[in-house]
Amino acid sequence: MFIEFVEEQILLFVALGVIIAMLGMSYFGDKLSGFQTVSAEEAVRLYNNGAWVLDVRTDAEYKSGFIGEAVNLTPSEVSSQLESLKSHQAENVLVYCQSGARSASVDKQLVKAGFTKVHNLSGGVMSWRNAGLPLNKVVSKKKQKRGAK
């Protein structure tokens, strides 16, 4: 009787299988990718505990506001500078972009290069802003001189 039901509702069971597979990938995806996705609140904890922060947005996006003392490198710059970045290999590394997509690809590069404590800010800087957390702005050299007087 069950077998007949399955035969009659094959599309329903295929859809069920796809949903279960997607839920499994969502749950186990971080473990398989080698990096951990973190919320804005978890990112604050990492930052406060001395994580090295890497902003992989464009220069213009970076200038609109960045987290802490984030280093700004585009994904292509990260690829070309992996050797020099290895000095941060043993540290917690927090990587973010605008929404979380570009940073996930950079996270994979870092893990492949041997980084073991890589964290991706879920939702990127947008989730940081939505959580009401502060962003730093680039201070022009002119303003720096005025502040020094």
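**Exercise 1.** Which side chain does a polar contact join to that of Gln98?

*Solution.* The model is predicted: local features need pLDDT of at least 70, side-chain atom pairs count only at pLDDT 80 or more, and totals for chains, interfaces and linings use all residues. Residues are numbered from 1 along each chain as its sequence is written, and side-chain values use heavy atoms, with hydrogens and water left out.

Step 1. Locate Gln98 in the loop between β4 (93-96) and α7 (101-112); helices (H or I, at least four residues) and strands (E, at least two) are DSSP runs, numbered from the N terminus.

Step 2. Apply the criterion: a polar contact is a pair of N or O atoms within 3.5 Å; within protein, one must be able to donate a hydrogen and the other to accept it, and residues adjacent in sequence count only if both atoms are side-chain atoms.

Step 3. The partner is Arg57, whose side chain is joined to that of Gln98 at 3.3 Å.

**Exercise 2.** Describe the aromatic pair of Tyr62 and Phe66 and the burial of each residue.

*Solution.* Step 1. Rings of Phe, Tyr and Trp (its six-membered ring) pair if their centres lie within 6.5 Å; planes under 30 degrees apart count as stacked, over 60 as edge-to-face and the rest as tilted. The whole structure holds three aromatic pairs.

Step 2. Phe5 and Phe13 serve as an edge-to-face example, at 5.9 Å centre to centre and 85° between the planes.

Step 3. Tyr62 and Phe66 are stacked, with 4.4 Å between centres and 15° between planes.

Step 4. Tyr62 is buried (under 20% relative accessible area; exposed is over 50%, partly exposed in between; 1.4 Å probe, protein chains only), at 13%. Phe66 is likewise buried, at 9%.
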